[in-house]
Amino acid sequence: MLDRKLRHTILNLNYIITAICFVFDMAFLLLYVLTDDLFYPLPVYICVRIIPPTAINVMSSFVAYKYNESDEVSSDAKNEACAATLCTIGGSMGIFHSFFSPLWLAPCIGMMFCGVFASKRLRLVLAAYSMFLMGAAAAFQCFERPGEISSNLQNLAVDIAISMIMYMISKVISGYIEDFGTEMKASVLREQELETRMRYEPLTGIFFARPYFMEIATNILDKASPEHPVSLAMVDFDHFKEINDIFGHDNGDKVIKAFADLTVTMTGDDIIAGRYGGEEFVFMFDGGDIERHIEAMNYLRERFENVSYDFTDRHVTLSCGIVSCRGNRSYEDLFVLADKAVYRAKEEGRNKTIAIGAGEYEKCE
């Protein structure tokens with residue numbers, strides 16, 4: 001995302017520089033014509049000073065634009081095209097206006113600016129390319145004014161020294177950007193890990209029932225209507241305290257983990273599960289018929305009853321309470337009703353699913 005924004009900025013900068021160069025070239029042409037100060041005859045001046053730099057700037061900007069818009073070109077290649085275009089435009093300014101030696105440094109400015117891409121290879125390539133363009137500008141000036149070779153070489157030496165400083169600045173910028181990017185990635189990973197720890201219960205890998213499960217459940221309840229019934233189911237293991245007391249909490253955790261593994265196989269876009277605490281779990285059904293919801297919980301209950309453990313031949317069962325909502329009721333309301341249904345299931349012998357009101361279950365309308 002950051003590279004894309006940088007490329008967009010460079011492309012816009014290329015367009016602006018191209019337009020400015022053309023306007024200034026035409027202004028200088030008019031000035032030289034009015035003052036009769038053209039170094040060349042007018043047709044030659046136009047062919048040497050106007051057409052080549054404008055053509056180079058326009059063509060390089062067009063190539064960079066096409067690269068940037070292509071889906072078949074990698075992000076690194078797009079970075080390189082945009083950066084090379086910026087240096088090329090700077091180089092054309094230096095070469096075709098070589099009588100002004102500070103412009104020889106223009107491609108180095110592009111090199112320094114493109115250090116934000118944090119690519120060592122790109123930085124080295126741009127440095128070599130910038131040196132070549134500076135040498136070309138100096139050679140062009142020496143060709144035009146043979147009598148100023150000595151001063152031109154001095155200017156070139158000064159510009160090379162400055163360009164080396166600019167390269168070091170680009171290197172520092174690149175290193176800073178790279179370190180910043182690394183730190184940002186590490187920070188994002190830390191935030192994701194922290195959020196995962198906060199959202200998901202570590203033993204089972206499913207939602208904590210509070211607060212994230214409640215947030216999602218509330219969003220589901222907001223959609224409840226006669227055409228879109230929502231159900232909340234609560235599960236509590238039967239005689240689980242005996243498992244912990246007799247076989248230890250480590251083995252009790254195995255039972256909880258076994259149930260969570262079964263739960264994962266039935267959850268999806270329309271069913272979410274959360275661990276409320278201990279051996280208590282909560283489920284939300286987003287739409288669908290209450291009979292289907294009861295059937296799903298009974299299927300889960302029967303599968304859990306048949307789970308075998310390596311520490312005992314005993315099978316663990318669960319009691320489940322479920323309540324349906326077809327209107328505006330809160331999560332807390334449904335939770336209380338489902339909890340009552342769980343206690344009723346335990347009073348009636350455990351290892352069963354009870355919907356409020358049995359066959360004519362109470363709907364929270």
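1. A nonpolar surface patch, as the term is used here, is built from nonpolar side chains (Val, Leu, Ile, Met, Phe, Trp or Tyr) joined within 5 Å, each residue having over 30% relative accessible area and no salt bridge. Keep in mind throughout that this is a predicted model. With that said, you can find such a patch here, with an area of about 720 Å². Its members are Ile16, Ile20, Phe22, Val23, Phe24, Met26, Phe28 and Leu31.

2. Start with Ile16 if you want one residue to click on. Ile16 sits in helix α1, and its relative accessibility is 46%. Members of a patch need over 30%, and Ile16, at 46%, counts as partly exposed.

3. Next, have a look at the second largest pocket. Which residues line this pocket? Going along the chain, they are Ile17, Ile20, Cys21, Phe24, Asp25, Phe28 and Tyr32, followed by Met93, His97, Phe99, Phe100 and Leu103. Helix α1, which covers residues 2-35, gives the largest share of that lining, with seven residues. The space inside comes to about 240 Å³.

4. What is the make-up of the pocket lining by class? There are 10 nonpolar residues, along with one polar and one charged. If you want to pick them out, Asp25 is the charged one and His97 the polar one. Note too that Ile20, Phe24 and Phe28 belong to the pocket lining and also appear in the nonpolar patch.

5. On to salt bridges: a search of the whole structure turns up 13. One of them pairs Asp245 with Lys241, and their closest N and O atoms are 2.8 Å apart. Why are Asp245 and Lys241 separated by about one helical turn? The reason is that they are four residues apart in helix α8. As for the surface, Asp245 counts as exposed because its relative accessibility is 54%, and Lys241 is exposed as well, at 60%. The cut-off for "exposed" is over 50%.

6. Helix α9 (residues 249-266) holds another pair, Asp261 and Lys257, again four residues apart, or about one turn of the helix. Here, too, the closest N and O atoms of the salt bridge are 2.8 Å apart. Are these two partners exposed or partly exposed? Asp261 has 39% relative accessibility, so this residue counts as partly exposed. Lys257, with a relative accessible area of 30%, is partly exposed too.

7. Glu348 and Lys352 make a further salt bridge, in which the closest N and O atoms are 4.0 Å apart. Glu348 is partly exposed at 39%, and Lys352 is partly exposed at 26%. Elsewhere, Asp236, Asp238 and Lys346 are joined into one network by salt bridges that share partners.

8. Two backbone spots deserve a glance. Phi of His239 is near 55°, a positive value in a residue other than glycine. His239 belongs to the loop that runs between β2 (230-237) and α8 (240-247). With 39% relative accessibility, His239 counts as partly exposed.

9. The other spot is Asn351, whose phi is likewise positive, near 55°, and which is again not a glycine. Where does Asn351 lie? Look in the loop between α11 (331-347) and β6 (353-355). Asn351 has a relative accessibility of 22% and so counts as partly exposed.

10. Lastly, two buried residues. Gln141 is part of helix α5 (residues 120-144). Because its relative accessible area is 3%, and buried means under 20%, Gln141 counts as buried. From Gln141 to Asn152 the chain runs 11 residues, and their C-alpha atoms are separated by 7.4 Å. Ala273, in strand β3 (residues 271-277), is buried as well, at 6% relative accessibility. How many residues apart in sequence are Ala273 and Phe285? They are 12 residues apart, with 9.1 Å from C-alpha to C-alpha.

How values were computed. Residues numbered from 1 in each chain as written. Predicted model: local features only at pLDDT ≥ 70, side-chain atom pairs only at ≥ 80, totals over all residues. Heavy atoms only, no water. 1 Å grid on protein atoms, 1.4 Å probe; cavity = no way out; pocket = protein on both sides within 12 Å on 5 of 7 lines; lining within 4 Å. Points joined across faces, edges and corners; volume = space filled by probe spheres on them. Patch = residues over 30% accessible without salt bridge, like charges linked within 9 Å, V, L, I, M, F, W, Y side chains within 5 Å. Areas by Shrake-Rupley, 256 points an atom, 1.4 Å probe, with all protein chains shown as cover. Salt bridge = Lys/Arg side-chain N within 4 Å of Asp/Glu carboxyl O. Buried < 20%, exposed > 50% of the residue type's maximum accessible area, 1.4 Å probe, protein only.
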